[in-house]
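Here's a walk through one protein chain, written for someone who'd rather be at the bench. Keep the structure open while you read.

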Amino acid sequence: MPNIINEVKLDFKDVLLRPKRSTLKTRAQVDLFRHITFRNSKRTYQGIPMMASNMDTVGTFEMAAALGKHGLFTTVHKYYEPAEWLEFANNNKEILPHIAVTCGINDHEFEKLKNILEAVPDISFICLDVANGYTQQFVDIVRKTRSAYPEHTIIAGNVVTGEMVEELILSGADIIKVGIGPGSVCTTRIKTGVGYPQLSTVIECADAAHGLQGHIISDGGCVCPGDVAKAFGAGADFVMLGGMLAGHDQNGGELTIKPNGTKCKLFYGMSSLTAMKKHAGGKAEYRAAEGKAVEVPYRGDVNDTILDILGGLRSACTYTGAHTLKELPKRATFIRCTQQVNSVYSNITTRE
């Protein structure tokens, strides 16, 4: 007989952060930088723990260079060749502490990972990325990678439950990517019915990870800076962004100009038919596409978007009385709500 969990699980849209007394005089006093020591690699990280997703239109070298200047992180997509990595590294040595090289689970990709790390030994982060992190095959890959690279910091995912977070940490991962289906161009929940509301995912997975001195990334579900603040308030150590960073000069894909003069860029999920045609020659008959492709409005240089997100995050800390980003989960109280914003002018073009 099927099991039903009756406890309500929540998404970012279901809650607001409650304001609290604060001794901060200005948002500029908020320190967003974190100093993190990882459980298995024993390495440390110093930076603002916000990440660009390893989607091929988002996790680009250009994005890494732009985000790295602000102390932000990029999980670089897996389609660059070792020679391209070497060229990038030679021209961007200061960015290398803020990037990860992405790898899948087949032997070809593991060999490519080896070649990249040999070409650029200063890279210290590896991102092992699959849509379904619940397979024994993935656990074995995590163990294999830890054995091969004992001093590298390993990111692994995606999963959404505490027990699997613990399994991956004990198998050698340092940071677990949590989130199944919340992404703006992900259709996994529609095609499979599988998923977990993202706020509850972060709360439960952070609790499991922190008990083992591990860390988590909230991956997906953020549509505005307030959602980023909620993810950090729920206990995420890192927050990964895809759609919020789409449409910029630093994103992959050509700029398209519509007949009416509107500019846009293509953005798609990595399990979409568009991605599979580009990287695998098409979709295998045994599977369904679990992503979609959309044209997003062109947004210019990503720098302005970064400053907007960081400004909102500092403001959230100020409202809740958190002097540092690390302090935000301790100051965060969530209020369940039926409406987050006043949407009366949602269909009218606005300006700030």
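What follows goes through the model topic by topic, from ground rules to backbone oddities.

## Ground rules

This is a predicted model, so local features need pLDDT of at least 70 and side-chain atom pairs count only at pLDDT 80 or more, while totals for chains, interfaces and linings use all residues. Residues are numbered from 1 along each chain as its sequence is written, and side-chain values use heavy atoms, with hydrogens and water left out.

A quick word on vocabulary. Helices (H or I, at least four residues) and strands (E, at least two) are DSSP runs, numbered from the N terminus. "Buried" means under 20% relative accessible area, "exposed" means over 50%, and "partly exposed" is in between (1.4 Å probe, protein chains only).

## Cysteines

A disulfide is a covalent bond between the sulfur atoms of two cysteines. Here, the term is used for a pair of cysteine sulfur atoms within 2.5 Å. Search the whole structure and you get zero of them.

Why does C127 not bond with C103? C103 holds the closest cysteine sulfur to that of C127, but the gap is 9.3 Å, which is too far for a bond. C127 is buried, at 0% relative accessibility. For C186, the closest cysteine sulfur is in C222, and at 14 Å that's too far as well. C186 itself is partly exposed, at 26% relative accessibility.

## Salt bridges

How many salt bridges does a search of the whole structure find? The total is twelve, counting each case of a side-chain nitrogen of Lys or Arg within 4 Å of a carboxyl oxygen of Asp or Glu. Take K13 and D14: their side chains meet at 3.1 Å, N to O. K13 is exposed at 56% relative accessibility, whereas D14 is buried with a relative accessible area of 17%.

The side chains of R143 and E167 also form a salt bridge, at 3.6 Å from N to O. That pair links distant parts of the chain, with R143 in helix α4 (residues 136-148) and E167 in helix α5, 24 residues apart. R143 is partly exposed, with a relative accessible area of 41%, and E167 is partly exposed too, at 29%.

Then there's K258 with E295, whose closest N and O atoms are 2.5 Å apart. This pair again links distant parts of the chain: K258 sits in the loop between β12 (255-257) and β13 (263-268), E295 sits in strand β14, and they are 37 residues apart. K258 is partly exposed at 31% relative accessibility, and E295 is partly exposed at 44%. Elsewhere, E7, K9 and E204 are joined into one network by salt bridges that share partners.

## Helices α5 and α8

Helix α5 covers residues 162-170 and includes E166. E166 is partly exposed, with a relative accessible area of 33%. Its C-alpha is separated from that of G261 by 51 Å, the two being 95 residues apart along the chain.

Why is helix α8 (residues 225-233) described as largely enclosed by the rest of the structure? It's because seven of its nine residues are buried. The buried ones are D227, V228, A229, K230, A231, F232 and G233. Just after α8, G235 takes a positive phi of about 115 degrees.

## Backbone oddities

Most residues other than glycine have a negative phi, and most peptide bonds are trans. K42 is not a glycine, yet has a positive phi of about 70 degrees. You'll find K42 in the loop between β2 (34-37) and β3 (44-47), where K42 is exposed with a relative accessible area of 62%.

Q213 is another residue other than glycine with a positive phi, near 60 degrees. Q213 lies in the loop between α7 (198-210) and β10 (215-219) and is exposed, with a relative accessible area of 55%. As for peptide bonds, the one joining G157 and N158 is cis, with omega about 25 degrees. N158 belongs to strand β8 (residues 153-159).
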